[in-house]
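Notebook open, coffee poured. Today I look up a ligand site, a ring pair and one loop residue.

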Amino acid sequence: MAALLTMRGIVKQFPGVRALDGVDLDVEPGEVHCLLGQNGAGKSTLIKVLAGAHRPDAGEITFDGQPVTFASPQAADQAGIATIYQELDLVPGLSVAENVVLGHEPARLGFTRPRDAEERARELLRRLGHPEIPARRELGRLSAAGQQVVSMARALARDARLIVMDEPSAVLDPEEVQNLFRVIRELTADGVAIVYISHRLEEIRQIGDRVTVLKDGRTVARNLPGRDTPTAEVIRLMTGRSIEYVFPVRAAEPRPDVVLEVDGLTRPGEFADVSFTVRSGEVVGLAGLVGSGRSEILETVYGARKATAGSVRVHGRALRPGSVPSAVRARMGLCPEERKSQGLLLAEPVSRNVSLPALRRFARAGFLGRDAELSAVGDVTAQLDVRPADPTRPVRTLSGGNQQKVVLARWLLQGCDVLLLDEPTRGVDVGARTEIYALIRRLADSGVAVVMVSSEVPEVLGLSDRVLVVREGRVVRTAPSADLDESRVLDLVMEGTAHG
Ligand SMILES: Nc1ncnc2c1ncn2[C@@H]1O[C@H](COP(=O)(O)OP(=O)(O)OP(=O)(O)O)[C@@H](O)[C@H]1O
Ligand SMILES: [Mg+2]
């Protein structure tokens, strides 16, 4: 079959980093082509070159048999290439419908009528299995998963021949991933090609026709059969070593003293009457679908949202409702789900982002001890293997998974008694994932009370001592993780819903 897209010898040099060092990629019409590689391997950079967002320093691209150079994202868009970026590029202040047609307003009419855009958006949201997302709702008010769906709708609105998806499943729960795969199968049946990036290797087995593996900016394997290449082989190609995907064993039992007490916490429309306790050294996992209220519960415990009823206590002392400073004073930390908008100062260097809440510690000597700051930051970022290992780099220039590690490094440096983690391994590759699991376990073993939200049920079960199952804003079950298994959790999570 004739290739739809070929990329040959693509090179992209950033100051101090050769992100792409001669990459090849072939994509055929109607296939799902998976692009794999560790954090920082160059996946996002490659697709930004393809999408006209970066100019390559060398290499050739042919699309539909023609040599092309896309000078701008508009040029790639016009050629029929749509991209769903890892860090979504939607406009929070505009409506859902406006975002769907953005830069692509129904032009055949010569002008845009808001109602046409809304109709189009509704039709696409329906096709994506999300008729409940209101076309007129301001985008910024949707959850991360909701925004992801809108981003998909926007790609579909373009009738593209190639759709690139950079970690689309990272914010989706298992059911929504299946829904995404259904849409992908429909698209490929129509001859549309998909380039699919994910760190969840089991997904490759489900939808990947062919696989290309990047390592350190180079193509190390090309056009492997997606379903027939053993996962261990893929991991070995990505990392150069074989990794056992295991959860760390606990070194210490949770201690008897209760650190965090949440009692009757309520925010109407989001969740109601949520109560739980976490002991020193204990990891409590919240399992539930996206939209079940998990993230809202964490944010309310932290004071980023204000509860209308209920209380949060740390070491027996009540926190002021809706006050983040009160939580921080009680030594509580939060790693948010949306690192871009809530977690990081993108233009600032890694060092500043990591040391941010800990600045007082370095300032105690009367001035900001920059050397002390840099060396402390260097220690924690090295523990997490943040790459590149240069804390003066702006966070914006790090790959997605490495940005996630920066958020975690902050709390490692800061030290805290209660740590709230929302999707701590989102976008993190297999190797670094194991390191993050070990880190969470280490924090718990040192006495920190940890509350964790994850869409990946094996992760919740593997890391938590106890699991709370949340459904539609209520805790429907609390059990030691040893008493649960994956299918039981999925049943509980979905029970009684339309899909259950
Ligand atoms: N704008 C930039 N300026 C400088 N360096 C950059 C820039 N964008 C990316 N890089 C660097 O290029 C390399 C490749 O990054 P890229 O984002 O392509 O990785 P990735 O494979 O998508 O990783 P992840 O799985 O973590 O998303 C990294 O070392 C990154 O720090
Ligand atoms: Mg990336």
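First, my yardstick for burial: a residue is buried under 20% relative accessible area, exposed over 50%, and partly exposed in between, with a 1.4 Å probe and protein chains only. I am working on a predicted model, where local features need pLDDT of at least 70, side-chain atom pairs count only at pLDDT 80 or more, and totals for chains, interfaces and linings use all residues. Residues are numbered from 1 along each chain as written, chains are lettered from A and ligands numbered from 1 in the order written, and side-chain values use heavy atoms, without hydrogens and water.

**Entry 1: the rings**

I looked for aromatic pairs (Phe, Tyr or Trp rings, the six-membered one for Trp, with centres within 6.5 Å; planes under 30 degrees apart are stacked, over 60 edge-to-face, the rest tilted). I found one in the structure. F181 and Y196 meet edge-to-face, with 6.1 Å between the centres and 70° between the planes. This pair links distant parts of the chain: F181 belongs to helix 6 (residues 174-189) and Y196 to strand 8 (residues 193-197), 15 residues apart. I take helices (H or I, at least four residues) and strands (E, at least two) as DSSP runs, numbered from the N terminus.

Are these rings buried or exposed? F181 counts as buried because its relative accessibility is 0%. Y196 is also at 0%, so I note Y196 as buried.

**Entry 2: ligand 1**

I counted 20 residues around ligand 1 (a heavy atom within 4 Å), and the closest are K43, T45, T397, S399 and G401. Next I checked polar contacts to the backbone (N or O atoms within 3.5 Å). An oxygen atom of ligand 1 lies 2.8 Å from a polar backbone atom of G401. For G42, a backbone N or O atom is 2.9 Å from a ligand oxygen, and for G400 the distance from a polar backbone atom to a ligand oxygen is 3.3 Å.

Which elements give two or more residues to the shell around ligand 1? They are strand 2 (17-27), helix 1 (43-50) and helix 15 (400-414). Helix 1 supplies the largest share, three residues.

**Entry 3: a loop residue**

I ended at R255, in the loop between helix 8 (231-239) and strand 11 (258-267). R255 has 31% relative accessibility, so I logged R255 as partly exposed. Its C-alpha atom is 23 Å from that of V274, 19 residues apart along the chain.

Methods. Polar contact = N/O pair within 3.5 Å; in protein donor to acceptor, adjacent residues only side chain to side chain.
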